[in-house]
Amino acid sequence: MSNDTSTQNELPQDAAGATEEAAGAAASENQDWQAQVATLSAKNAELMDQFMRAQAEMQNVRRRSEDEVSKARKYALESFADSLLPVCDSLEAGLAHQNATSEQIREGAEATLRQLKAALERNKVVQIDPAAGTKFDPHQHQAISVVPAEQEANTVVSVLQKGYVIADRVLRPALVTVAAPR
């Protein structure tokens, strides 16, 4: 019986120890979960901060790009207008001469035309002036009439009005007469 008593006394102590261990393990697991929750909460806060900063940066980039586009539209013609100012000055100077001869007026007009053409070329406005016999190009030429001619059909006979291109885009096609088929 003494063996039975000691075994019975040991069982409650073992059960109490197991209960204490289980309670300790549960407390440890609870602390681990709390630590993980705290870590994840901190990480979540950090990611939320990064997200908010990224959103703010995107709004700033969008606003800056809109400002740049607005300024580009507003001042797009500034360079072109600046290159035309000397032409305007030359015309005003020519008109200021009251006693100019027709030869002087012609020389002044030619000089002003050279200035104007140079200003257009600086701004990539190129003249379309096809030579006689050039193949008709409907993208750059506009046929006003078809005339009988001694040259190959569908070629330019004469230019009635020069055309202009800016950066590969036709501003105005050249007005031409075209040779009729024989």
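**Exercise 1. A helix with a bend**

Find where helix α2 bends in this predicted model, and by how much.

*Solution.*
Step 1. Follow helix α2 until you reach Leu 84, where the helix bends by about 30°.
Step 2. Look a little further along the chain: a proline, Pro 86, follows within four residues of the bend.
Step 3. Now check the length of α2, which covers residues 78-96, 19 residues in total. From the first C-alpha to the last, α2 reaches 27 Å, close to the 27 Å expected at 1.5 Å a residue.

**Exercise 2. The sheet of β1, β4 and β5**

Work out the strand order of the sheet that holds β1, β4 and β5, and decide which strands stand at its edges.

*Solution.*
Step 1. Start with β1 and β4, which pair in the antiparallel sense over four bridges. Within this pair, Val 126 stands opposite Val 165 in β4.
Step 2. Turn to β4 (residues 163-166) and β5 (residues 169-172): three bridges join them, and they too run antiparallel. Here Val 165 stands opposite Val 170 in β5, while Tyr 164 has Arg 172 of β5 as its bridge partner.
Step 3. Put the pairs together, and you get an open sheet in the order β1-β4-β5 with antiparallel pairing.
Step 4. β1 and β5 each have a single partner strand, so one side of each is left without a neighbour in the sheet, and these two are the edges.
Step 5. To finish, note that the twist in this sheet averages 35° from one strand to the next.

Which residues of β4 lie on its covered face, and which on its uncovered one? Gly 163 and Val 165 make up the covered face, and Tyr 164 and Ile 166 the uncovered one.

**Exercise 3. The turn between β4 and β5**

Describe the hairpin that β4 and β5 form, and look closely at Ala 167.

*Solution.*
Step 1. Count the residues between the two strands of the hairpin: there are two.
Step 2. Locate Ala 167 in this turn, in the loop between β4 and β5. Its phi is near 50°, a positive value in a residue other than glycine.
Step 3. Ask whether Ala 167 is buried or exposed. Ala 167 has a relative accessible area of 59%, so with exposed meaning over 50%, Ala 167 counts as exposed.
Step 4. Compare another loop: Asn 154 sits between β2 and β3, and Asn 154 has a positive phi near 60°. With a relative accessible area of 40%, Asn 154 is partly exposed.

**Exercise 4. Val 126, far along the chain but in contact**

Show which residues Val 126 meets beyond its neighbours in sequence.

*Solution.*
Step 1. Place Val 126 in strand β1, residues 125-128.
Step 2. Set aside the neighbours within four places in sequence; Val 126 is then in contact with Gly 163, Tyr 164 and Val 165.
Step 3. Take one of these, Gly 163: it is 37 residues from Val 126 in sequence, but the two are 8.5 Å apart in space, C-alpha to C-alpha.
Step 4. Check how covered Val 126 is: its relative accessible area is 48%, so it is partly exposed.

**Exercise 5. The second sheet and the core**

Build the sheet of β2, β6 and β3, then find what β6 gives to the largest nonpolar core.

*Solution.*
Step 1. The strands form an open sheet in the order β2-β6-β3, with mixed pairing. Its edge strands are β2 (141-147) and β3 (156-161), each pairing on one side only. The twist averages 30° from one strand to the next.
Step 2. Six bridges join β2 to β6 (residues 174-179), and these two strands run parallel. As an example, Gln 142 has Leu 175 of β6 as its bridge partner.
Step 3. The largest nonpolar core has six residues: Ile 128, Val 156, Val 165, Ala 174, Val 176 and Val 178. β6 gives the most to this core, with three residues.
Step 4. Zoom in on Val 176: not counting residues up to four places away in sequence, its contacts include Phe 136, Ile 144, Val 156 and Leu 160.
Step 5. Here is a general pattern to remember: in soluble globular proteins, nonpolar side chains tend to be buried together.

Note on methods
Residues numbered from 1 in each chain as written. Predicted model: local features only at pLDDT ≥ 70, side-chain atom pairs only at ≥ 80, totals over all residues. Heavy atoms only, no water. Pairing = 2+ DSSP bridges. Axes fitted to C-alpha atoms, helices over the stretch in contact; angles between N-to-C directions. Core = buried A, V, L, I, M, F, W, Y, C linked by side-chain atoms within 4.5 Å. Buried < 20%, exposed > 50% of the residue type's maximum accessible area, 1.4 Å probe, protein only. Contact = heavy atoms within 4.5 Å. Expected span 1.5 Å × (residues − 1). Bend = angle between axes of the 7 residues up to and from the residue.
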